[in-house]
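Visitor: I'm new to this, so could you walk me through the structure a bit at a time?
Guide: Happy to. Have a look first, then ask away.

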Amino acid sequence: MARRPVITRSVSSLRRALAPYRRAGKSIALVPTMGALHRGHLALVREAQRRASRVVVSIFVNPAQFAPHEDFGSYPRRLENDIAALTYAKADLVWLPSADTMYPEGFATKIEPEGAAKAGLEDKFRPHFFGGVATVVTKLFTQVTPDFALFGQKDYQQLRVVTQMAKDLDLPVKVIGVPTVREKDGLALSSRNVYLSELERGHAPALYRTLKTCAERIKAGEPIEMVLEEGRAQIELAEFALDYLEARHALTLAAIATPKDGPIRLLVAAKIGKTRLIDNLAV
Ligand code: AMP
């Protein structure tokens with residue numbers, strides 16, 4: 001039977017657990033998660049194992065990246081399942097801080113990213129989000145001091161923001177993006193998919209289908225704005241309330257008018273019932 005990963009809950013025990021890796025010159029990869037692990041998270045763990053000799057997975061549902069009206073309270077928490085999945089995946093260490101450990105009384109510092117974090121995509125609908133993500137990711141990087149950190153392309157704007165932040169702050173970590181893991185029908189795996197009713201689950205693959213159609217049409221030379229308009233209509237036909245469907249520069253997330261303006265990434269966010277889903281695709 002596989003060995004359970006070491007579980008640490010305080011910064012000092014985390015440092016004690018990491019010290020022998022460092023002394024032995026082992027490279028370390030960090031996979032930050034909010035738990036409720038699925039095959040998408042496990043793809044990050046596998047990529048981490050390919051890159052480094054020790055893999056740390058953090059599980060922390062970060063209150064700082066949820067607005068009061070969002071789903072912090074009901075966000076799925078499945079610690080026993082997660083530990084079983086990480087045992088099977090042969091992760092070495094689980095970093096499991098409490099909210100008090102991460103944000104003790106008197107905590108007063110915030111990282112406020114700009115650039116891709118102000119692209120008018122997720123930030124427009126979740127204005128608190130990237131400040132919360134950047135602050136917690138900076139803390140995780142400082143606590144674990146990983147050589148590599150793995151993030152999913154599923155949260156594409158987040159991946160760009162964290163990559164830029166590591167560069168801007170000279171953080172000694174290589175941020176690596178891992179392709180999105182999907183269900184057979186194209187729906188991107190997400191811890192929030194458990195919120196979907198059977199009917200909503202039936203409609204949900206429309207997001208990815210629309211991204212694919214739009215990407216193909218843009219590649220074929222059709223005008224971007226017209227393609228997006230039709231894509232938006234398609235998504236709304238599938239019972240979604242659309243937040244955005246946009247074509248952006250794949251690295252800066254700046255607006256683009258034609259394919260000549262740079263590599264293009266399509267990004268979408270929409271709500272079906274009470275569940276908000278996001279997805280994205282390269283053109
Ligand atoms: P979360 O627990 O949702 O905060 O996600 C933790 C990490 O897993 C983030 O870097 C996500 O981008 C990544 N992730 C979530 N879903 C997927 C997926 N379907 N495929 C690949 N990576 C994912």
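Visitor: What covers the buried residues of α10?
Guide: Keep in mind that this is a predicted model. The cover on the buried residues of α10 includes a helix and two strands: α9 (206-219), β7 (241-249) and β8 (264-272).

Visitor: Which residues of α10 are buried?
Guide: Start with the helix itself: α10 covers residues 224-237 and reaches 20 Å from its first C-alpha to its last, close to the 20 Å expected. An α-helix has 3.6 residues a turn, so residues three or four places apart point the same way. The buried ones here are Ile224, Val227, Leu228, Gly231, Arg232 and Ile235.

Visitor: And why do the buried residues line one face of the helix?
Guide: Imagine looking down the axis of α10. Its buried residues line one face because they fall within an arc of 140 degrees.

Visitor: In what order do the three strands of the open sheet come?
Guide: Strands of a sheet pair through backbone hydrogen bonds, either parallel or antiparallel. In this sheet the pairing is antiparallel, and the order is β7-β8-β9.

Visitor: Which strands stand at the edges?
Guide: Look for a strand with a single partner, so that one of its sides has no neighbour in the sheet. That description fits β7 and β9 (275-282).

Visitor: Which residue in β9 is the bridge partner of alanine 270?
Guide: β8 and β9 pair in the antiparallel sense, over eight bridges. Follow the bridge from alanine 270 into β9 and you land on leucine 277.

Visitor: At what angle does α9 run to β9?
Guide: α9 lies across β7, β8 and β9. Its angle to β9 is about 25 degrees.

Definitions and conventions
Residues are numbered from 1 along each chain as its sequence is written. This is a predicted model: local features need pLDDT of at least 70, side-chain atom pairs count only at pLDDT 80 or more; totals for chains, interfaces and linings use all residues. Side-chain values use heavy atoms; hydrogens and water are left out. Helices (H or I, at least four residues) and strands (E, at least two) are DSSP runs, numbered from the N terminus. The expected span of a helix is 1.5 Å times one less than its number of residues. Buried means under 20% relative accessible area, exposed over 50%, partly exposed in between (1.4 Å probe, protein chains only). The arc is that of the directions from the helix axis to the C-beta atoms. Contact means heavy atoms within 4.5 Å. Two strands pair if DSSP finds at least two bridges between them. Axes are lines fitted to C-alpha atoms, for helices over the stretch in contact, and angles run from 0 to 180 degrees between N-to-C directions.
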